[in-house]
Amino acid sequence: PGCFGYPLSIFFIVINEFCERFSYYGMRAVLVLYFKYFLRWDDNFSTAIYHTFVALCYLTPILGALIADSWLGKFKTIVSLSIVYTIGQAVMAVSSINDLTDHNRDGTPDSIATHIALSMTGLILIALGTGGIKPCVSAFGGDQFEDHQEKQRSRFFSLFYLAINAGSLISTVITPILRAQQCGIHSKQQCYPLAFGVPAALMAVSLIVFVIGSGMYKKVQPQGNIMVQVCKCIGFAIKNRFRHRSKEYPKREHWLDWASEKYSKRLITQTKMVLKVLFLYIPLPMFWALFDQQGSRWTLQATTMDGNFGAIQIQPDQMQTVNPILIVIMVPVVDAVIYPLIKKCKINFTPLRKITVGMFLAGLAFIAAALVQLQIDKTLPVFPAAGQSQIKIINLGANNATVTFSPQNVDVTVEPLHGTDYRMFETSQLQYVVVASGSNNATLNATSTGGDRYTLTVKNTTSGIAAQWLFDNVTSKPEEGKNLIRFINNLPWTVNVTIGDADFGELTPLSATNYGVFSGGRTDKIVVSTNGTNCAATSNSLGFGGAYTIIINECSGNIATLNYSQDIPPNTVHMAWQIPQYFILTCGEVVFSVTGLEFSYSQAPSNMKSVLQAGWLLTVAVGNIIVLIVAGASKLSQQWAEYVLFAALLFAVCIIFSVMAYFYTYIDPNEIEAQLDEEEKQVKKDPYLQEKEEKEAEAVSQM
């Protein structure tokens, strides 16, 4: 049965691929934030585990190809590994349910080890599943076409690539939105179970769709795995060469020719072509090392940025969608516009040159990321070290107040209803402070133990100066772009304060609440109530990642008068500044990734495609391992420096690759195959040659 000249079975395969990629990329988009905020791992460990997982996902395809070609066949492999995959996704969703071990209901899991064990099990199953079916699905799709349907087959592969990017695009938009929802039985939390559960459901859909099409597929019997033969051929050549290492044996043209006693000339020639391409693959992992940091380092960079795009709020893990959006636009543009333009300029833009340019662009993208990081670093507040204290003053009175820090005699004057920025002091040098306002003054002992922040509130009243220390127990920027808010009651009576749904409870005169955590970028209604009268105000829009003290100054005629004092500045670098680095990296990916596979296929015989596919995926795996090694070995405390280091490494590799490419000669595998066919015909025709070959073979078997 056909449709538009395509086998109908194709549509099941494309839908299956769309669901599978949705499932994989959706889970991967929120993964690094799940590690950081749910499992409470630090940035470096989260990044390390993330890249270990991605590396595993690209190592398992070799296993999948072996199982499919030598044992189960593609169809059964896809079905059985999809089941493993679906279970893995489900385990992942369960592992992120906070209420699973939160017996005391305080909003944090009591046994984090249970969650870690479950999620690692889930990730291993997912890596087995996604990797195992990766080489099978596209090849299985290719199997559905007859030999004369060349055009439809190549169209199918572009449709297939589109399905991959559509799946990854839609899921990278949707899963972060699901993650940002609040859910939970006893305590409201970020909704990771939903963010992992939806991909799990889609994986199940993908499996069902694939099985429904079962009757229509052309199922090719497993042919034995060419990879095994290539490896055996190489192994035998090395062994044989080693056996005949003494001078008396004549040299052979190529070391692989030492396998000619056991393997056909055809296999040896094909293996030579494959090795020639694989040799060129050696520098490529460095590109992937940079490319795959979009999901780890770049996402963590986005958490320290401002995601306010006017009408919409962008989650940090949604910035990754810039990549698939650009891919969908760029692939056709590059093919239809840019390559023809380059051709018009009489430049021979060979595949290897394209790959070199792709690597260069990825390096530039990391330079851009480093520049953005430097801007972010400028906005980060300085927190006190172990022997230091930071103090800010808020004047709640109606007169100017002067505070003198002794014994250094530093004077600070604060206007009425204003606050100062934090000042840094050596804790050992701070003994007491003298507050003077109006005609009154007062002396307070310094209480700091070092490494802390304090706020000193002062107010000149009729009965003298009311001054007190507030301990600000915040010495890091709020996570995930959230805001911290606390209130000081500057009214002469006790009030009750609520902001949005959060109730801060009773506040006696001149006392302060603790900080409450609120999601960034919104404005909330603040209600101050006393003795049955309410007055309200709408909070200022406080941006992302800041901490504020709000002073309640007046409550009359249902209107509350509030003053804001900024304790930690919000994220001010806009997330849109990440777009240039994504754009440059995507341009690099378009010329690198698409060209790389095309080039490999054009330089090797048709039956060796699976070996090259495995080699290509291996470069991705090795790239992710490089991230682990570089990030682990370089003890760079500055993130921007690490970006520059990666860029420098890629530029170095880029130069090495261009030298290798310069010495590479392009071949036409079809011509070589035709030559081999000719030679085999010659041997069959000539009885003398045939006899000579048989005698030689006999002599070898007696050796």
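**Close-up 1. A salt bridge between the side chains of R486 and D472 in the predicted model.** The nitrogen and oxygen of this pair lie 2.9 Å apart, and the contact links distant parts of the chain, with R486 in strand β15 (residues 483-489) and D472 in strand β14 (residues 464-472), 14 residues apart. R486 counts as buried because its relative accessibility is 3%, and D472 is likewise buried, with a relative accessible area of 1%.

**Close-up 2. The salt bridge of K265 with E679.** The closest N and O atoms of the two side chains are 2.8 Å apart. Since K265 belongs to helix α8 (residues 265-281) and E679 to helix α16 (residues 669-685), the pair ties together parts that are 414 residues apart in sequence. E679 is partly exposed, its relative accessible area being 37%. A search of the whole structure finds 17 salt bridges, and R266, E673, D677 and E680 are linked in a network of such contacts.

**Close-up 3. A salt bridge within helix α16, formed by K681 and E678.** Here the closest N and O atoms are 3.9 Å apart, and the two residues, being three positions apart in helix α16, are separated by about one helical turn. Both ends of the contact are partly exposed, K681 with a relative accessible area of 47% and E678 with a relative accessibility of 44%.

**Close-up 4. A positive surface patch formed by K232, K239, R243 and K262.** Of these residues, R243 lies in helix α7 (residues 226-243), and R243 counts as exposed because its relative accessibility of 53% is over the 50% cut-off.

**Close-up 5. The hairpin of strands β11 and β12.** Strand β11 (residues 432-437) and strand β12 (residues 440-445) run antiparallel and are joined by six bridges; in one of the pairings, A436 has N441 of β12 as its bridge partner. Two residues stand between the strands, and G438 in the turn has a positive phi of about 60°.

**Close-up 6. A127 in helix α4 (residues 112-143), with the whole protein for context.** A127 counts as buried, at 1% relative accessibility, in a protein where buried residues make up 51% of the 703 residues. From A127 to N445 the C-alpha to C-alpha distance is 60 Å, and the two are 318 residues apart in sequence. The protein has 17 helices and 22 strands, and its C-alpha trace spans about 125 × 55 × 55 Å along the principal axes.

How values were computed:
Residues numbered from 1 in each chain as written. Predicted model: local features only at pLDDT ≥ 70, side-chain atom pairs only at ≥ 80, totals over all residues. Heavy atoms only, no water. Patch = residues over 30% accessible without salt bridge, like charges linked within 9 Å, V, L, I, M, F, W, Y side chains within 5 Å. Areas by Shrake-Rupley, 256 points an atom, 1.4 Å probe, with all protein chains shown as cover. Salt bridge = Lys/Arg side-chain N within 4 Å of Asp/Glu carboxyl O. Lys, Arg positive; Asp, Glu negative; His and termini not counted. Charge placed at Lys NZ, Arg CZ, Asp CG, Glu CD. Helix = DSSP H or I, 4+ residues; strand = E, 2+ residues; numbered from the N terminus. Buried < 20%, exposed > 50% of the residue type's maximum accessible area, 1.4 Å probe, protein only. Pairing = 2+ DSSP bridges.
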